[in-house]
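User: I'd like to learn how to read the features of a fold. Could you take me through this one?

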Amino acid sequence: MDTPPTPWVVPPQPQWGDEGADWAARVAEALGEEALRVDHIGSTAVPGLPAKDEIDIQASVFRLRPSEPLVERLTAAGFRQLGAMHDEDEVEDYTPIEEVPVWRKLLFHGPEGERRVIVHLRRNGAVNTRLALLLRDYLRADERVKADFGRFKLALNDIIEDEAEYLALKEPFLAMTLRAAEGWAELTRWVPSAPDAYWSVGQ
């Protein structure tokens with residue numbers, strides 16, 4: 001009997017929202033004044049959307065270089081750096097309409113022995129920072145798009161064999177969704193919703 005493929009995407013879990021808020025607060029506390037805002041992003045941040053069972057957190061920082069102060073603060077809080085500076089791939093067939101054309105980020109895993117968490121440190125005002133918030137808010141706002149996106153992701157579970165293949169197959173659908181999100185943003189005059197966490201004096 002053939003072994004079924006690894007389920008990279010699972011049905012939505014009700015605890016993801018609370019977990020995301022808790023982890024955003026932990027990252028904000030660790031980074032302090034280095035971060036402008038910290039958000040729960042990715043599919044687990046969209047209620048009712050199937051996702052990989054990992055919490056993605058984005059910290060919007062004033063600058064990525066020098067990176068040492070950022071790395072020191074997060075590693076002191078138990079987060080584990082994943083490589084050096086990452087240059088994200090630009091989304092194919094998609095042209096962002098604004099923001100600083102920077103696609104770099106720093107990546108961290110959560111503390112050893114805790115649930116799977118990935119922390120993305122991106123420059124405030126950079127295109128990759130904006131897109132993470134735009135896609136999340138668009139999927140939260142449009143139930144039909146969210147349902148289509150979820151069905152597509154679950155369908156990939158039946159045909160993929162590894163994570164690289166999953167990401168490659170998802171890329172064209174993601175580009176199409178982002179183009180639609182830009183139209184939605186223009187029509188609604190979208191601005192990012194309030195941050196999930198932020199640093200403040202006396203926190």
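**Reading the fold**

Analyst: Let's begin with contacts (heavy atoms within 4.5 Å): among those in the chain with a separation of 6 or more, 74% are between residues 24 or more positions apart. This is a predicted model, where local features need pLDDT of at least 70 and side-chain atom pairs count only at pLDDT 80 or more, while totals for chains, interfaces and linings use all residues. Residues are numbered from 1 along each chain as its sequence is written, and side-chain values use heavy atoms, with hydrogens and water left out.

User: What secondary structure does the chain have, and in what order do the elements run?

Analyst: Helices (H or I, at least four residues) and strands (E, at least two) are DSSP runs, numbered from the N terminus. Here the chain has 5 helices and 6 strands. Starting at the N terminus, the order is α-β-β-α-β-β-β-β-α-α-α.

User: How much of the chain counts as buried?

Analyst: Buried means under 20% relative accessible area, exposed means over 50%, and partly exposed is in between (1.4 Å probe, protein chains only). By that rule, 44% of the 203 residues are buried.

User: Now helices. Why would residues three or four places apart point the same way?

Analyst: An α-helix has 3.6 residues a turn, so residues at that spacing share a direction. Try α1, residues 16–31: the buried set is Trp16, Gly20, Trp23, Ala24, Val27, Ala28, Ala30 and Leu31. Viewed down the axis, these buried residues fall within an arc of 160° (taken from the directions from the helix axis to the C-beta atoms), so they line one face of α1. On the other side, Asp18, Asp22 and Glu29 are exposed.

User: What covers the buried residues of α1?

Analyst: The cover includes β1 (35–41), β2 (55–61), α2 (68–76) and β6 (117–123). And just after α1, Gly32 takes a positive phi of about 60°.

User: How does the length of α4 compare with what's expected?

Analyst: The expected span of a helix is 1.5 Å times one less than its number of residues. For α4 (residues 143–156), with 14 residues, that should be 20 Å, and the end C-alpha atoms are 20 Å apart, which agrees. The same reading works on α1: its 16 residues reach 22 Å from first C-alpha to last, close to the 22 Å expected.

User: Which residues of α4 are buried, and what do they pack against?

Analyst: Val145, Lys146, Phe149, Gly150, Lys153 and Leu156 are buried. They cover an arc of only 130° around the axis, which puts them on the same side of α4. That buried set packs against α3 and α5. Turned away from it is a face carrying the exposed residues Glu143, Arg144 and Arg151.

User: On to strands. Which strands does β2 pair with, and in what sense?

Analyst: Two strands pair if DSSP finds at least two bridges between them. β2 pairs with β1 in the antiparallel sense over 6 bridges, and 7 bridges join β2 to β6, with those strands running parallel. Some partners to look up: Asp39 is opposite Gln58, His40 has Ile57 as its bridge partner, and Ala59 stands opposite Leu121 in β6.

User: Is β2 enclosed or open?

Analyst: 7 of the 7 residues of β2 are buried, so β2 is largely enclosed by the rest of the structure. Ile55, Ile57, Ala59 and Val61 point one way, Asp56, Gln58 and Ser60 the other, and all are buried. β1 is largely enclosed too, because 6 of its 7 residues are buried.

User: How many aromatic pairs are there?

Analyst: Rings of Phe, Tyr and Trp (its six-membered ring) pair if their centres lie within 6.5 Å; planes under 30 degrees apart count as stacked, over 60 as edge-to-face and the rest as tilted. A search of the whole structure finds 4 pairs. One of them is Trp23 and Phe79: centres 6.0 Å apart and planes at 75°, so this pair is edge-to-face. It links distant parts of the chain, with Trp23 in α1 and Phe79 in the loop between α2 and β3 (80–81), 56 residues apart. Trp23 is buried at 6% relative accessible area, and Phe79 is buried at 3%.

User: Which other rings pair?

Analyst: Tyr138 and Trp184 have ring centres 5.5 Å apart and planes at 45°, so that pair is tilted. Tyr138 belongs to α3 (residues 127–141) and Trp184 to α5 (residues 163–188), 46 residues apart. Ring pairs also link Phe149, Phe152 and Phe173 into a cluster.

User: Where does the charged end of Arg26 sit?

Analyst: A charge sits over a ring if NZ of Lys or CZ of Arg is within 6 Å of the ring centre and within 35 degrees of the ring normal. The charged end of Arg26 sits over the ring of Trp23, 4.0 Å from its centre.
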